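Please open the structure in your viewer and follow the stops below in order. Each stop names what to select and then describes what is found there.

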Amino acid sequence: MNRAPRMQPNDNVTTGARRWLVLAIVASGLLLICIDMTVLYVALPRLTRELHATNSERLWILNAYTIVVAGLLPGFGTLGDRYGHRRLLSCGLITFAAASLSAAYAPTASMLIVARAGLGVGAALMMPATLAIIRATFVDLRERALALGLWAGVASAGMATGPLIAGLLLTRFDWGAVFLINVPVVAIALVGTLYFVPRRAAPGGPPWDIAGSAQLLLALTALIYAIKEPARVHWSAWKLSGALLLAAATFIIHLRGQRRRTQPLLDLTLFRIPDFGGAFAAACLGTAGAVGLELVMSQHLQLVEQRAPLAAALVLLPLSIAGLAAAPVAGRLLHRWPAAKVACTGFTLAALCATTLALLPTALLHFELLRLLLLAGIGVGIATTVTFAATTIMNAAPPERSGMAASIEEVGFELGGALGVAVFGSIMTIVYAITLQPPAVFHAPAFIHDSLDETLRIAATLPAAEGAILRAAGAQSFTTALQAVLLGVALLWFATGMGILARGGRKPVK
């Protein structure tokens, strides 16, 4: 009796149900990456107290991860084209696990910032590989659209589920547990990658441009520093100007160097492809708004509404549930409607929900239910735009540049995350500092304007009546800051949707 040949773990084919197993494996790595973008939002108040972190250090703890990812992604994407995306995914998983252990046991805020940067290195290795492996695995365009829709749903759900996971862990464990949970997931994903993801011949690509990667990283870091500087209580115009000049000069040097290379780090000619630029804008600005919204809302739920971390995370849960459900549907709609119209619809829905959320009176009957419904609407809208971005970019790029295209898309997501924390975190801080008016008799130190955490810390040292007045003033100012952020996010999303519709194509994705 003849037996059918047995499938070996590294066969250069992906057939039957194995395609979906490969999708599940790469999606688990993506899930960790996206969870780590937002997992600290709920843990931030406790982390700040235990590490005695300043407001500036808090924002750098959040931003170190996304800045490193955005800066290294282009170079690591070309490495995937040159050496194989399966190999890059495996290396990324190992790096991510090691950095997670370092972050979990970081004794100071500075050490945690360094560990978060290490997590960014691991994420930058993994992210381009996930999309490139999906493209190579799913040859049928309709199956690929569904797979990319699920990929986008996992990305949206990961960012929105991060606070929930942190809330669950913080009910029993210290804040370091939000990083330790990565290790067993990485171990499972690594075994799955080695045994089930096929080893394909690398399509070829340029060598890693180390200097170009370093220049991008430096330019992004300087830009984010400049954005955050005005949010400091004693900010310096000289530091702001110097950071902007450094960012501009480094980026100009980078562009000139890339023009001399036969194979540049980022192939900007891809932006000549119809809808490619709009898809990049959707990835970047959609993520920026979502990250800014979650960052400020999670702080408001804990510091103003006095909710426990888990209770705060549950309020944000509709974002992930709705996003996970909507993404595959959006993937199918892209084959029926013009892609630009799908993206504009998603952005408009999210913008309307964010505006309504900002203007919704807290005293309104059934306020909690309405807030949950509005957050679900935002989740649907942003998942739709993420699906548009992923599908458009990966279908438009030629096969030999799939790693480059994936890198550009992921740069959009990570740059959006970094800008979301920097811009909307700074708006939150500036509006809070301007609107906080403590009674003059308190003679409160100037640094209470730095953050609500500082205000509450000072209020705890005052007599009960005076402390209550100061806490109420801080809560009112932070609520005003939340409203400003929500309206800013809504304006950003609406303008992005209109821009994509005005410049986008009129045909469905093929």
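Begin by selecting Arg-86, Leu-89, Ser-90, Leu-93, Ile-94, Phe-96, Ala-97, Ser-100 and Leu-101 in helix α4 of this predicted model. In helix α8 they meet Asn-182, Val-183, Val-186, Ala-189, Leu-190, Thr-193 and Leu-194. By class, this contact of α4 with α8 comprises eleven nonpolar, four polar and one charged residues.

Next, display the two helices in full: α4 covers residues 85-104 and α8 covers residues 182-196. Their axes lie 9 Å apart, and the packing angle is about 165 degrees. Because this angle is over 145 degrees, α4 counts as roughly antiparallel to α8. The crossing of α4 and α8 is left-handed.

Now move to a second pair, helix α13 (residues 339-359) and helix α17 (residues 464-503). How closely do the axes of α13 and α17 come, and at what angle do they cross? They come within 8 Å and cross at roughly 165 degrees. α13 is therefore roughly antiparallel to α17. The crossing of α13 and α17 is also described as left-handed.

To view the contact itself, select residues of α13, including Phe-347, Ala-350 and Ala-354, together with residues of α17, including Leu-486, Ala-490 and Trp-493. The contact of α13 with α17 contains 17 nonpolar, five polar and one charged residues.

Keep Trp-493 selected and add Leu-40, Leu-112, Phe-179, Leu-375 and Ile-378. These six residues touch the most other members of the largest nonpolar core, which has 139 residues. Centre the view on Ile-378: leaving aside residues up to four places away in sequence, Ile-378 touches Leu-293, Leu-319, Ala-350, Cys-353, Ala-354 and Trp-493. Apart from the largest core lies another, of ten residues, with Trp-60, Ile-67, Leu-415 and Leu-419 among them.

Then select Ala-405, in helix α15 (residues 402-435). Is Ala-405 buried or exposed? With a relative accessible area of 0%, Ala-405 is buried. Add Asn-395, ten residues away along the chain, and find 9.5 Å between the C-alpha atoms of Ala-405 and Asn-395.

Finally, return to the whole chain. The secondary structure consists of 17 helices and zero strands. Of the 510 residues, 57% count as buried. Among contacts between residues at least 6 apart in sequence, 83% join residues at least 24 apart.

Conventions:
Residues numbered from 1 in each chain as written. Predicted model: local features only at pLDDT ≥ 70, side-chain atom pairs only at ≥ 80, totals over all residues. Heavy atoms only, no water. Core = buried A, V, L, I, M, F, W, Y, C linked by side-chain atoms within 4.5 Å. Buried < 20%, exposed > 50% of the residue type's maximum accessible area, 1.4 Å probe, protein only. Contact = heavy atoms within 4.5 Å. Axes fitted to C-alpha atoms, helices over the stretch in contact; angles between N-to-C directions. Helix = DSSP H or I, 4+ residues; strand = E, 2+ residues; numbered from the N terminus. Parallel < 35°, antiparallel > 145°, perpendicular 65-115°, else oblique. Left-handed = near helix turned anticlockwise from the far one by under 90°. Nonpolar A, V, L, I, M, F, W, Y, C, P; charged D, E, K, R; others polar.
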